[in-house]
Amino acid sequence: MTILELYILGKKEIENKNDVLFLFKSIFGFDRLGISLNSDVKVTNQQEELFLNKLEQLKNNIPVQYVVESVDFLDFNLKCGEGVFIPRKETEILVNEIVKKVDKNFNGNIVDLCSGTGSIGIGLKRRIEKTNVFCIEKSPKAFEYLEYNKKSLNVDINCILGDIFSEVNNFKDRMFDVIVSNPPYIRTSDIKNLDANIQYEPKLALDGGEDGLYFYRKILSTWKRKLKINGFFAFEIGYDQDEEMKGIVKNENLKHMDFVKDDNGYNRVCICS
Ligand SMILES: C[S@@+](CC[C@H](N)C(=O)[O-])C[C@H]1O[C@@H](n2cnc3c(N)ncnc32)[C@H](O)[C@@H]1O
């Protein structure tokens, strides 16, 4: 088969044409232009088999990021796969907002709670080089990706495998300038209604308890004592959670709160102190 024949086959089988392009990029290194410039090139049997195998995975709704085992985030690429949450575009807003709020030469402590692949912690360390970043993740599988990404991107961050609610007690003498988290925030009862491809992501990464807000309440109440006087919390929240978040923050007697909107006009980042 030629490159073009495989491309046409892929487009016929898969509804999301971008996913087919992702596959081409990962297997052959070609983008759309590369495909048209190399349309007559014959692929090897091995390449064809690999492509068809991955196409089958896409047909079974396995997320394309798992199929190609990588995801772009900000200006870098993270390894991801089954067992770890796929970083989303919205989370880039959270990282950018923190970068805006601290000086480029900021050398304080940041802790990224519920780190997954390390998107937030790694993103912050790459942008604010002198900062001291700690990442805490509970799932051993997700932690493998975190460690892999730390090494492959050569970032000097501290990765801890553990539960954020018990690990807090191990930071005896350390206080934080920024406590950031994109925790699980889907209501337990909503999980079964999410798209078929999201069902492949770990429940531990999605389940935010009965009202989806369990982690915000518990992070604020357990980590508040670790926040420096001029420090702040930064959270990603669900598109419909801003009003409830106001109540949660008020209950913790925090004085300041700001929201940052996503491209659809929803409040998706909550900064509070
Ligand atoms: C929504 S994902 C976010 C991952 C990453 N921060 C990102 O934005 O791409 C939430 C992560 O929290 C982890 N997690 C859930 N409960 C945890 C806990 N009690 N302690 C530490 N990590 C936890 C999950 O395994 C998952 O990796």
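This is a short dialogue on reading features of a predicted model.

Me: Let's start with the sheet. In what order do the seven strands of the open sheet run, and what is the pairing?

Reply: Read a sheet by going from strand to strand across it. Here the order is S5-S4-S3-S6-S7-S9-S8, and the pairing is mixed. The edges are strand S5 (158–161) and strand S8 (257–261), each of which pairs on one side only. On average, neighbouring strands of this sheet are turned by 20° against each other, direction ignored.

Me: Thanks! Now one pair at a time: how many bridges join S4 to S5, and do they run parallel or antiparallel?

Reply: Look at the bridges and at the strand directions. S4 and S5 run parallel and are joined by four bridges. To find your place in this pair, look for Cys135, which stands opposite Cys159 in S5.

Me: And at the other edge, in which sense do S8 and strand S9 pair?

Reply: S8 and S9 (residues 267–272) pair in the antiparallel sense, over five bridges. Asp258 is a handy marker there, standing opposite Ile271 in S9. The hairpin of S8 and S9 has five residues between the strands, and in this hairpin Gly265 takes a positive phi near 85°.

Me: Next, the helices on the sheet. Which strands does H7 touch?

Reply: For a helix on a sheet, ask which strands it touches and how its direction compares with theirs. H7 packs on the sheet against strand S3 (109–113), S4 and strand S6 (176–181), and its direction makes about 170° with that of S4. Helix H11 (residues 214–223) also lies across strands: S3, S6 and strand S7 (227–236), running at about 165° to S7.

Me: What about helix against helix: at what angle do helix H6 and H7 cross?

Reply: Take the angle together with the axis distance, then the handedness, then the residues. H6 (residues 90–101) and H7 cross at roughly 35°, and their axes come within 10 Å. The crossing is right-handed. From H6 the contact draws on Thr91, Leu94, Val95, Ile98 and Val99, and from H7 on Ser119, Ile120, Gly123, Leu124 and Arg127. By class, that contact has six nonpolar, three polar and one charged residues.

Me: Let me try the same steps on another pair. How far apart are the axes of helix H2 and helix H4?

Reply: The axes of H2 (residues 17–28) and H4 (residues 45–59) are 11 Å apart, and the two helices pack at an angle of about 145°. H2 passes H4 in a right-handed crossing. Asp19, Leu23 and Ile27 in H2 meet Gln47, Leu50, Phe51, Lys54, Leu55 and Leu58 in H4. The residues of this contact divide into six nonpolar, one polar and two charged.

Me: On to the ligand: how many residues surround it, and which are the closest?

Reply: List the shell, then ask where its residues come from. There are 22 residues around the ligand, the closest being Cys114, Gly116, Lys138, Asn182 and Ala205. Helix H7 (119–127), strand S4 (132–137), helix H9 (164–167) and helix H10 (203–206) each supply at least two residues of the shell. By class, the shell has twelve nonpolar, seven polar and three charged residues.

Me: One last residue, then. Why does Lys246 count as partly exposed?

Reply: Count C-beta neighbours: Lys246 has 15 of them inside 10 Å, so it is classed as partly exposed, since that class lies between 12 or fewer for exposed and 20 or more for buried. Lys246 is found in helix H12 (residues 242–251). Its C-alpha atom is 31 Å from that of Cys159, which is 87 residues away along the chain.

Terms used: Residues numbered from 1 in each chain as written. Predicted model: local features only at pLDDT ≥ 70, side-chain atom pairs only at ≥ 80, totals over all residues. Near = placed C-beta within 6 Å. Nonpolar A, V, L, I, M, F, W, Y, C, P; charged D, E, K, R; others polar. Axes fitted to C-alpha atoms, helices over the stretch in contact; angles between N-to-C directions. Left-handed = near helix turned anticlockwise from the far one by under 90°. Contact = placed C-beta atoms within 7 Å. Pairing = 2+ DSSP bridges.
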